[in-house]
Amino acid sequence: MQKEDFFLNKVVVVTGGSEGIGKALIGSLINSGAKIATCGRNHQKLEKLKSDFPEAPLFTFNADVSNQDEVKNFFDCILNHYGKIDILINNAGISMRAEMQEVDVEVYKKVMDINFMGAIYCTKLALPSILENRGSIVNISSIAGFRGLPGRGGYSASKFALNGWTESLRTELIKKQVHVMLACPGFTQSNIRNNALNHAAEAQQESPLNEEQLMSAETCANHILKAIVRKKRTLILDTQGLKTIWLNKILPGLTDRLVYRFFYKNDRLIK
Ligand SMILES: NC(=O)c1ccc[n+]([C@@H]2O[C@H](COP(=O)([O-])OP(=O)(O)OC[C@H]3O[C@@H](n4cnc5c(N)ncnc54)[C@H](OP(=O)(O)O)[C@@H]3O)[C@@H](O)[C@H]2O)c1
């Protein structure tokens, strides 16, 4: 089936849609005739999103996915506005960059609350309508959810948790005709590295990677949407990441050393 036919008039909730992959998903979904609801913490960024798509059926709401009351208000308003939900994409997420020795443990809590608990709160509220419409739940994870990455312990932990819970959920829903997918982008152009929390829980405001060399958010979004149409189980969007996952299963000790070599120079974390 063509993407345009599949998404036409479907109500799709994309959490964290004001930037990066979420915004690219929204742009492509609007072109495919979907009706969108999204949330974010920063009001100005949501206003900018609306002004970028002035005519589109795009419902925006200020909500932090780690705040259960705000998430409840968001989903009440979506159901009031559109009357149903077909697809939920748990995309909102933040990263971190700090080693265990220096990090304030609040960073771990914040990352877990947003990346993991945020997805739980949203799914719990969307599930009744998704069950009724035999829709999809898509959790945006990462290669870091299959292989722990240095300097990103809280991020890896949150994505491992997301991966495990996604399997549980899919198995629970196996007879209910609800599609549950895990999508794992590789390094993708976005603001995630600028927004990543440093050891003191402040945005680090720099990217240690050359963003221009990474996959564009638009390409990443199109792969994710095609995989939803095909009802894929897992989508891994990075060949190097896929190799790392397999090597980690077969030779975990060697993978420790290779991952160290990728992220460190002269025993200093550089990425
Ligand atoms: N880019 C990559 O290389 C990459 C790789 C693998 C996986 N991913 C995953 O892809 C997803 C999207 O990341 P991205 O790269 O597009 O990041 P991004 O450019 O930083 O965008 C993140 C979006 O999520 C929103 N957000 C963050 N925290 C939120 C919260 N507590 N409540 C509601 N919205 C929140 C942000 O808006 P506000 O700041 O206004 O809240 C923003 O719209 C994440 O789950 C990330 O882990 C990204």
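In this predicted model, the second largest pocket has a volume of about 200 Å³. Its lining is made up of 14 residues, and those that lie nearest the centre of the pocket are Phe146, Glu167, Leu182, Arg233 and Thr234. Turning to the elements behind this lining, two or more residues each are given by α6, by β7 (234-237) and by α9 (239-250), with the largest share, five residues, coming from α6. Sorted by class, the lining of this second largest pocket holds six nonpolar, four polar and four charged residues.

From the pocket the reader can move on to the ligand, which has 32 residues around it, and of these Ser18, Ile21, Arg41, Tyr155 and Ser190 come nearest. The shell that these residues belong to divides into 11 nonpolar, 15 polar and six charged residues.

Several individual atoms of the protein can be placed against oxygen atoms of the ligand. A polar side-chain atom of Lys159 lies 3.0 Å from a ligand oxygen atom, a polar side-chain atom of Arg193 is 3.1 Å from an oxygen atom of the ligand, and at Gly16 a backbone N or O atom lies 3.4 Å from a ligand oxygen atom. Taken alone, the ligand would expose 890 Å², and the protein buries 97% of that area. Around the ligand, the elements that contribute two or more residues to the shell are α2 (20-31), α6 (153-172) and α7 (192-195), and among the elements α7 gives the most, with three residues. Helix α6 therefore deserves a second look in the structure above, as an element that gives two or more residues to the shell around the ligand and also to the lining of the second largest pocket.

Definitions and conventions: Residues are numbered from 1 along each chain as its sequence is written. This is a predicted model: local features need pLDDT of at least 70, side-chain atom pairs count only at pLDDT 80 or more; totals for chains, interfaces and linings use all residues. Side-chain values use heavy atoms; hydrogens and water are left out. A residue is near a molecule or strand if one of its heavy atoms lies within 4 Å of it. A polar contact is a pair of N or O atoms within 3.5 Å; within protein, one must be able to donate a hydrogen and the other to accept it, and residues adjacent in sequence count only if both atoms are side-chain atoms. Accessible areas come from the Shrake-Rupley method with a 1.4 Å probe; for residues, only the protein chains shown count as cover. Helices (H or I, at least four residues) and strands (E, at least two) are DSSP runs, numbered from the N terminus. Ala, Val, Leu, Ile, Met, Phe, Trp, Tyr, Cys and Pro count as nonpolar, Asp, Glu, Lys and Arg as charged, and the others, Gly among them, as polar. On a 1 Å grid over the protein atoms alone, a cavity is a set of points where a 1.4 Å probe fits but cannot get out, and a pocket is an open set with protein on both sides within 12 Å along at least five of seven lines; lining residues have an atom within 4 Å of a point. Grid points are joined across faces, edges and corners, and a volume is the space filled by probe spheres set on the points.
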